[in-house]
Amino acid sequence: MSPLHSENRLRYVTNGARGNNGANGSNGSFGGYRGKDGVQGGHGQHAGSLNVKLSTNDTCIFVEGNGVSKRLLLSDRTASIFLEARGGDAGHGGNGGDGGKGLTGRKGRDATRFSVGSNGGQGGPGGNGGNGASGGNGGNGGKVTLTVSPSQTDLLMLTNIPDVRGGAKGRGGHGGTGGQGGDGGRGGDFHSYTTTHSYTDSDGHSHTRTEFHISPGGFDGPPGPQGRFGRNAPDGRCGNSGSFTIHADRHRYSGPYDLSVTAATLLAKKPGGDGFFEPGKAICAEVSVTNTGNMPTPIQPTRMSLADTQWVSFNRRSVFSLPSGITPGQEVHPEHRLEFTLNKPDTIPTGDPLRETGEVDFRATVARVERQFPTVTAQKESFLVRYPAELEAIAGVTSISADEEALLSVKVNNTSPKALGLQGSQQRLLNLYFKAKADNGQTKSSDVTFYSRDGAPFSGDQGLTESIHQLPSHGHDRLSGSLKFSNPELPLYSKVTLYAELELGRLDCPSDPRSAEVVQRRVFETQLAERYRSNPDADVLLVTNANTSLPVWNQWQALTDQLGLKFTTWNSSLYNGISLFRELQPGATGGHPTVATDTSPLPVPGTHADTNATLADHFKGKTIVFLNNDDTCVDSLPACDLFRSAEHGVRSYIVGSKEVSKGLFCPEKDVPASLSVRAKKTVKKNYLFKMNASEDRLKKAAEKQAKKLQEKWPERRFAVIYNYDFQQIPRRELPVFGKYGPKRFQLGTLTSVISPTENMFTNLFVQPNERGRADYVLDSSNVFGLLKSLSLDKKIQLVQNPITEYRDSLKQAILSDLVDEHKAFSREKWTGSIGKSELKSRLTCLQRVLAASYSETESKALIQDILTEFRAFATRMPRFRDKWCCRRQRELASVTKAMIDSFKKQTDIDPANWQENYQLTKQKFAAISRPPCVSIVVASPEIRNLNRGRSMSNQWPAIQKSSKSPSFRR
């Protein structure tokens, strides 16, 4: 066969042709005819024989295949010869045809007046399916013979191992499906007729009676039997494999030669022969090579080398040649070694130490033809690139005040088997540094001062330095000291970036300090924070942390100034957390985290206005804002601190991108003794079997208890906490008659806790993509959340001194409080047993808004907008049934409108302007669907319904302006 060639690539292919697939049999026709048999698949054709001869001179390679000669250039490194003699695949056998459907049975005889109808006849049998045909046999592989001179066996590197497999067998066809039996004949039709009878009654009157009769018809006949399935045919046979033979003079071989690296040992050269693969170190590789082929290797030399990789830089002078004519199965151990140098990283490792995986890629290349053994190329030897010394993370204080010093410490570990340092066995330089970053946009290195263990000061540019003279094998040492902000004009919440560096002497000159290299760097930030100072005039406590940036701090300061609020700060990172009920003793700072150093702690005591007081005492009736972007903030609060502080009159506003645990707002199972427990009872039930008692039954009892409490006190909120403690009550503890009744079990306890009656918890989730933004503080959603968290009296005070820039947010916050109070008296189960006068006295939020005096024109306009919208809301809330049967919404709306109308008459308000605004607001509310009633909250392990008590401002667009308003916990 003539070779198929393209430029320098020759292809000799004598594959057999593929057999055709057999045709499927046709289906049988109607009437029960049999399906036709399938046609047998065709056999695959046998591959032809292939004889190829290779020879060469100084410049050309001569290829003769089946009598056709071609020529390739010996210098062409891309020349190749492809051989293949595979048997043809067999065709698949055809499937048998399906049998035809049987004939329909005869119709039954119709009924007459004197006989009933007969049944229909049985349907005819279905036709049998046709038989499948057998698959064809695969063709045999061809016989390939490759002839080459023993002195030119290197030419075999240009060829492949030919594919001489036999062809695949053909799949046998499936038998056809038997035909469906014919339908049964239709039964005879029924016959109906009438008869008339005349008769005379006892009075002599004649009558005629008509009777209706039916002769029943026959039943439909049964269907015919289904035909038989056809036989499945067997598969064909696979073709026999061909043969491949290499003729080298009088020798015959069944395959070519091949090389494989059977052993490889990586050794570190001196200096630094410690077994570590450190960047910059010289490494040598000892290899053992085995001929895994079927004939000796060529007489031409075979070079062993390595490929350059990310970490390996091969030394070309270490290339060596393997012995010629390595016999099959022979393993050789060359005396020469392959040498390479480990590359250094592009940048200094910052953070975790350098630990990368490097690979040694082997190459075995046959000279003259310059072809590589694929088996050797695929083999790789891995090693770990690392330095013998590593720095751990910096331990230090992340926030300090202006008169404090931040403790700093960094630990270095020797992970090598030899001692480091100038007095160690390697006599290698080892230095540690603490330095300040030159400029990070906020501070300069000159703004800070370092102090050594002995208290000696060093400038930020100079830093701290320690030369370790001897670090034992697998030992460790530490550089420690402290840092202080030395610039008195530096603004609060400025940060300084510090870094610790590990310096090692270079391998070729380990004791020369001029050539030492930094091999690792750790980064650390310390913040200039403000210590907590009590301020009785403060409206807000802002809980910050080490992650609070200076731009965010400036935005909060600008916001509170615009709102006319005063605030003070508690830095949770400075005090290692926050507790609202821990006594603030003079001289107690809350405690810095422990830092392992050789220097004694240096914190300066904090200052508080009074003794034995807590943060909850200082901010009773006020707001605490938590910037929840650090583990020392909300996560460090003791259990139920927020819940207890709400009972104490403290409102909480949590802002951040971290999820807030629901357990912070409401206790789950364990109820602290400090909470206001309304009632506690043990749930006992009678059950015939133990399996009937479960935690779900106790949960249902808790829900029932919560509903009863809510019906009795609609203006309050109760959390019923259950504790599942199942146990059987002994018979001796039961009454006399109870001993003979069903078994009695104790399911657990129910504890009713009085929750705060106003919206004490507010939570604003900052999106992750907005986490780094400082302008989110001035966003309308955050402004609304802050105003919402203030007490109603404080909001009224802001109305009396209006702030034009945030007028709409203040309006939404007051409306939210009024709506929340309205919701408290519109529960699903409250039937209006409270009288109108008593209901009026209980609407305390609305009373405080109406009782305040508004002298300024802007404050009058704002309160008029608030009352207009709230009156329209109250008018909209009653449902159709509330007007006729239920009284809760009807009386609540009536009292609300009466109180607002009374205020309108007593105040100088333009009636025409009021009426116009009121009608426009009513039209807006009319287009809004009524929200569902709020469910009773039962505190279970899941706290399922906790989020149901959101402010109505989240549900009514006419009240809520921003779509990113916070969620509220009641």
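The following conversation asks how several labels in this predicted model are justified.

User: What should I know about the model before we begin?

Analyst: This is a predicted model, in which local features need pLDDT of at least 70 and side-chain atom pairs count only at pLDDT 80 or more, while totals for chains, interfaces and linings use all residues. Residues are numbered from 1 along each chain as its sequence is written, and side-chain values use heavy atoms, with hydrogens and water left out.

User: Why is the contact of tyrosine 532 and tryptophan 570 called a tilted aromatic pair?

Analyst: Rings of Phe, Tyr and Trp (its six-membered ring) pair if their centres lie within 6.5 Å, and planes under 30 degrees apart count as stacked, over 60 as edge-to-face and the rest as tilted. By this rule the count comes to eight aromatic pairs. For tyrosine 532 and tryptophan 570 the centres are 5.5 Å apart and the planes make 55 degrees, so the pair is tilted. Tyrosine 532 lies in the loop between strand E32 (517–528) and strand E33 (540–544), and tryptophan 570 lies in strand E34 (residues 567–571), so the pair ties together parts that are 38 residues apart in sequence. Ring pairs also link Phe277, Phe340 and Phe383 into a cluster.

User: What makes lysine 435 a charge over the face of tyrosine 433?

Analyst: A charge sits over a ring if NZ of Lys or CZ of Arg is within 6 Å of the ring centre and within 35 degrees of the ring normal. Lysine 435 lies over the face of tyrosine 433 at 5.0 Å from the ring centre, and arginine 521 lies over the face of tyrosine 499 at 5.3 Å from the ring centre.

User: Why is cysteine 845 called buried, and what is cysteine 238 called?

Analyst: Buried means under 20% relative accessible area, exposed means over 50%, and partly exposed is in between (1.4 Å probe, protein chains only). Cysteine 845 has 7% relative accessibility, so it counts as buried. Cysteine 238 has a relative accessible area of 49%, so it is partly exposed.

User: How many disulfides does the structure hold?

Analyst: A disulfide is a pair of cysteine sulfur atoms within 2.5 Å, and the structure holds zero disulfides.

User: How do you know that threonine 153 is buried, and what does it touch?

Analyst: Threonine 153 has a relative accessible area of 5%, so it falls under the limit for buried. Its place is in the loop between E7 and strand E8 (191–200). If contact means heavy atoms within 4.5 Å, threonine 153 touches Val148, Tyr257, Met295 and Pro298, not counting residues up to four places away in sequence.

User: Is glycine 97 buried or exposed, and where does it lie?

Analyst: Glycine 97 lies in the loop between strand E6 (80–84) and strand E7 (143–148), and at 1% relative accessibility it counts as buried. Among the residues that glycine 97 touches are Gly25, Ser26, Asn27 and Gly176. Glycine 97 and histidine 174 are 77 residues apart in sequence and 9.2 Å apart in space, C-alpha to C-alpha.

User: What makes E5 and E11 edge strands of their sheet?

Analyst: Helices (H or I, at least four residues) and strands (E, at least two) are DSSP runs, numbered from the N terminus, and two strands pair if DSSP finds at least two bridges between them. Six strands form an open sheet in the order E5-E4-E3-E7-E10-E11, with mixed pairing. Strand E5 (68–73) and strand E11 (251–253) each have a single partner strand, so one side of each is left without a neighbour in the sheet.

User: Why is the pairing in this sheet called mixed?

Analyst: Strands of a sheet pair through backbone hydrogen bonds, either parallel or antiparallel. Five bridges join E7 to strand E10 (residues 243–248), and these two run parallel, whereas E10 and E11 pair in the antiparallel sense over three bridges. Strand E3 (residues 50–56) and strand E4 (residues 60–65) also pair in the antiparallel sense, over five bridges.

User: Why is E33 described as largely enclosed?

Analyst: Five of the five residues of E33 are buried, so the strand is largely enclosed by the rest of the structure. Val540, Leu542 and Thr544 are buried on one side, and Leu541 and Val543 on the other. E33 pairs with E34 in the parallel sense over five bridges, and valine 543 stands opposite tryptophan 570 in E34.
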